[in-house]
Amino acid sequence: MREYNGFSDKERDRVGRQQAKAIRNGEIPAPHRCELCLASPGPEKMQIHNEDYARAFGDMHPICLTCHRALHNRFTNPSRWLARLAEIRSFRKEPAEPLGIYWWERLEMEESQLPILNPAHPRFGAAQSDL
C-alpha cells in the first residue's frame, strides 16, 4: 500500500483495520455490492475504498476487487480504468448522483492532480515528523 490523497500507507492501513473490526463486530454491514459495477462477487472479492481517510466511516465506498484495482491503477494504467468506466456506463441505467455523475467519474486521472485531503500532509507545510 502506498500514499493516496496525502494519507500515508500507515494511515490507510489503520483505517482499513478500523473498518474491518467494525464489520466483524456487526457495527457496519459487510460490503456485498459494488457501487461501480453493481456486482455482488462474494465477500472475499469485496473491499472498501476511501478517498478521505480522515473520515474513516464517512467516506466508505464498497467496491469489488476488479473495480478497486482499476481505480487505484488509473495513474499507471489509465486505459484499464477508462475501459472499466466505459463498461460500467454501458449497463448502468439508474439516475446518477445530483450532479449528473457518480463520485467515481469525478476522480482525477493524474496523480499530481489529486486533492490532498490530509491537512497534516507536507504539501500543507506540516513537518515530516508531525505525520
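**Exercise 1. What covers the buried residues of α3?** Identify these residues in the predicted model and describe how they are arranged on the helix.

*Solution.*
Step 1. Helix α3 comprises residues 78-91. Its 14 residues reach 21 Å from the first C-alpha to the last, close to the 20 Å expected at 1.5 Å a residue.
Step 2. The buried residues of this helix are W81, R84, L85 and I88.
Step 3. Viewed down the axis of α3, the buried residues fall within an arc of 100°, so they line one face of the helix. The general rule is that an α-helix has 3.6 residues a turn, so residues three or four places apart point the same way.
Step 4. The cover over the buried residues of α3 includes strand β2 and helix α2 (65-72).

**Exercise 2. Determine how many disulfides the structure holds, and examine C34 and C64.**

*Solution.*
Step 1. The criterion is a pair of cysteine sulfur atoms within 2.5 Å.
Step 2. For C34, the closest cysteine sulfur belongs to C37 and is 3.7 Å away, which is too far for a bond. C34 counts as buried, at 1% relative accessibility.
Step 3. C64 likewise is in no disulfide; the nearest cysteine sulfur, in C67, lies 3.6 Å away. C64 is also buried, with a relative accessibility of 4%.
Step 4. The total for the structure is 0 disulfides.

**Exercise 3. Locate D52 and D59, decide whether each is buried or exposed, and list polar contacts of their side chains.**

*Solution.*
Step 1. D52 lies in the loop between β1 (46-49) and β2, and D59 is placed in the loop between β1 and β2 as well.
Step 2. A residue is buried when its relative accessible area is under 20%. D52, at 13%, is therefore buried, and D59, at 8%, is buried too.
Step 3. The side chain of D52 reaches the backbone nitrogen of A54 at 3.0 Å. The side chain of D59 makes a polar contact with that of H61, at 3.1 Å.
Step 4. Leaving aside residues up to four places away in sequence, D59 touches H49, N50, E51 and D52.

**Exercise 4. Which element has the lowest mean pLDDT, and which the highest?** Also state where caution is needed.

*Solution.*
Step 1. The chain averages a pLDDT of 83, and 81% of the residues score at least 70.
Step 2. Among the elements, α3 has the lowest mean (90) and β2 (residues 61-64) the highest (96).
Step 3. Over residues 123-131 the pLDDT is below 50; this stretch has 12 contacts in the model beyond near neighbours in sequence.
Step 4. Where pLDDT is low, the predicted coordinates should not be read in detail.

Notes:
Residues are numbered from 1 along each chain as its sequence is written. This is a predicted model: local features need pLDDT of at least 70, side-chain atom pairs count only at pLDDT 80 or more; totals for chains, interfaces and linings use all residues. Side-chain values use heavy atoms; hydrogens and water are left out. pLDDT is the predictor's confidence in each residue, from 0 to 100. Helices (H or I, at least four residues) and strands (E, at least two) are DSSP runs, numbered from the N terminus. Contact means heavy atoms within 4.5 Å. Buried means under 20% relative accessible area, exposed over 50%, partly exposed in between (1.4 Å probe, protein chains only). A polar contact is a pair of N or O atoms within 3.5 Å; within protein, one must be able to donate a hydrogen and the other to accept it, and residues adjacent in sequence count only if both atoms are side-chain atoms. The expected span of a helix is 1.5 Å times one less than its number of residues. The arc is that of the directions from the helix axis to the C-beta atoms.
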